[in-house]
Amino acid sequence: FGNEVFRHEDFEDLLQSLQQADPEDAVVEKKYLLNIGGASRWHRVLCKAIWDDKQPPQYTGAIGKVIDIQDDVEEVAQLQRKTEQDLLTGLLNHSAAKQRIMPLLAGGGDKKYALLMFDIDNFKKANDTYGHLFGDEVLKLMADAIRSCIRSTDIAARMGGDEFIIFVEYKGDVRPVVQRIFGRLGGQHGDFPIQISMGIACPEVPPERYETFFQMADE
């Protein structure tokens, strides 16, 4: 059962937890991705370790059950995504991006990071001339352009209005990275030319605080 349903390391983790359980509090509860009936789904595994009457008590096995919680996990993940996403563009919101960037900066090491901050030129004019629905379309096009030019390890977010950030790790010269991104973020929507103004912070030694990095890019 363990070899067929559990990943090897997960089953070893469960066995170790049961063997190390306190006889006075012998219930172990864990969450694992199990393969049951050929489908991988999240389950809660609830077990009680069994001990004999010897002194000291000896672990003899366990009894328990697995409960399918895939729907609950997906619901929680969906709610989490909603709290992290900018509703209009589908990018991260600024708070979620900050929460992802801060551990990278605090990790230290010799990695180099750049923070790109930019907004859309004359965006207010687009809203005033063509209406706010048109402006929303421009923001969505910008978000699509951002997604098309970043890597899976980059972090992109809409801060609000027409302001966006992209956080990237780089090696060597940062200029080709920035030029590639900058060149992909222009375009045209109807009669409105989409152009951006960008501020870049790329210190040799990244600051440990996100707020410091943000201020550098903003300036």
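## Exercises on a predicted model

In this predicted model, the side chains of D86 and T89 form a polar contact at 2.6 Å.

**Exercise 1.** Working outward from that contact, determine where D86 is found, whether D86 is buried or exposed, and which residues D86 is in contact with once neighbours within four places in sequence are left aside.

*Solution.* Begin with the position in the chain: D86 is found in the loop between α3 and β4, the latter spanning 92-93. Next, take the accessibility, which for D86 is 14% in relative terms; because buried means under 20%, D86 counts as buried. Finally, list the partners, which, leaving aside neighbours within four places in sequence, are L91, L92, N93 and R158; the link to T89 is the side-chain polar contact with which we began.

**Exercise 2.** Establish in which helix E84 lies, which side chain makes a polar contact with that of E84, and which residues E84 touches beyond four places in sequence.

*Solution.* The first step places E84 in helix α3. The second step concerns exposure: the relative accessibility of E84 is 19%, so this residue counts as buried, the cut-off being under 20%. In the third step, a polar contact of 2.8 Å is found between the side chains of E84 and R100. The fourth step gives the contacts of E84, which, not counting residues up to four places away, are with L91, L92, N93, A96 and R100; L91, L92 and N93 also appear among the contacts of D86.

**Exercise 3.** Describe the largest pocket by its volume, by the residues nearest its centre, by the elements that supply at least two residues each, and by the classes of its lining.

*Solution.* The volume comes to about 240 Å³. Its lining holds 14 residues, and those nearest the centre are G90, L91, L92, R100 and A156; R100 is the partner of E84 in the polar contact of Exercise 2. Turning to the elements, α3 (70-84) and β6 (155-160) each contribute at least two lining residues. By class, the lining is made up of five nonpolar, four polar and five charged residues.

**Exercise 4.** Carry out the corresponding description for the second largest pocket, and find which element gives the most to its lining.

*Solution.* The volume here is about 180 Å³. Among the 14 residues that line this second largest pocket, F1, L14, V45, C47 and G64 are the closest to its centre. At least two lining residues come from each of α2 (8-19), β2 (39-51) and β3 (59-68), and β3 gives the most, with six residues. The lining of this pocket divides into 12 nonpolar residues, one polar residue and one charged residue.

**Exercise 5.** For Q70 and for M117, find which residues each is in contact with beyond four places in sequence, and how far apart in space the C-alpha atoms are in the pairs Q70 and T129, and M117 and I165.

*Solution.* Consider Q70, whose place is in helix α3 and which, at 11% relative accessibility, counts as buried. Leaving aside its neighbours within four places, Q70 is in contact with S40, R41 and W42, and its side chain reaches the backbone nitrogen of W42 at 2.7 Å. The pair Q70 and T129 is separated by 59 residues in sequence and by 48 Å between C-alpha atoms.

Now consider M117, found in strand β5 (residues 112-120) and buried at 8% relative accessibility. M117 and I165 are 48 residues apart in sequence, with their C-alpha atoms 4.4 Å apart. Beyond four places in sequence, M117 is in contact with M159, F164, I165, S197, M198, G199, F214, A217 and D218.

**Exercise 6.** Identify which peptide bond is cis, and where the residue N122, with its positive phi, is found.

*Solution.* As background, most residues other than glycine have a negative phi, and most peptide bonds are trans. The bond from Q55 to P56 is cis, with omega near -5°, and P56 is found in the loop between β2 and β3. N122, although not a glycine, has a positive phi of about 60°; N122 is found in the loop between β5 and α5 (123-130) and counts as exposed at 55% relative accessibility.

**Exercise 7.** Decide whether the chain is more spread out or less spread out than a compact globule.

*Solution.* The chain contains eight helices and 10 strands. Its radius of gyration is 25 Å, well over the 17 Å that the globule rule gives for 219 residues, so the chain is more spread out than a compact globule. Along the principal axes, the C-alpha atoms fill a box of roughly 80 × 40 × 25 Å.

Terms used. Residues numbered from 1 in each chain as written. Predicted model: local features only at pLDDT ≥ 70, side-chain atom pairs only at ≥ 80, totals over all residues. Heavy atoms only, no water. 1 Å grid on protein atoms, 1.4 Å probe; cavity = no way out; pocket = protein on both sides within 12 Å on 5 of 7 lines; lining within 4 Å. Points joined across faces, edges and corners; volume = space filled by probe spheres on them. Nonpolar A, V, L, I, M, F, W, Y, C, P; charged D, E, K, R; others polar. Buried < 20%, exposed > 50% of the residue type's maximum accessible area, 1.4 Å probe, protein only. Polar contact = N/O pair within 3.5 Å; in protein donor to acceptor, adjacent residues only side chain to side chain. Contact = heavy atoms within 4.5 Å. Rg over C-alpha atoms; globule rule 2.2 N^0.38 Å.
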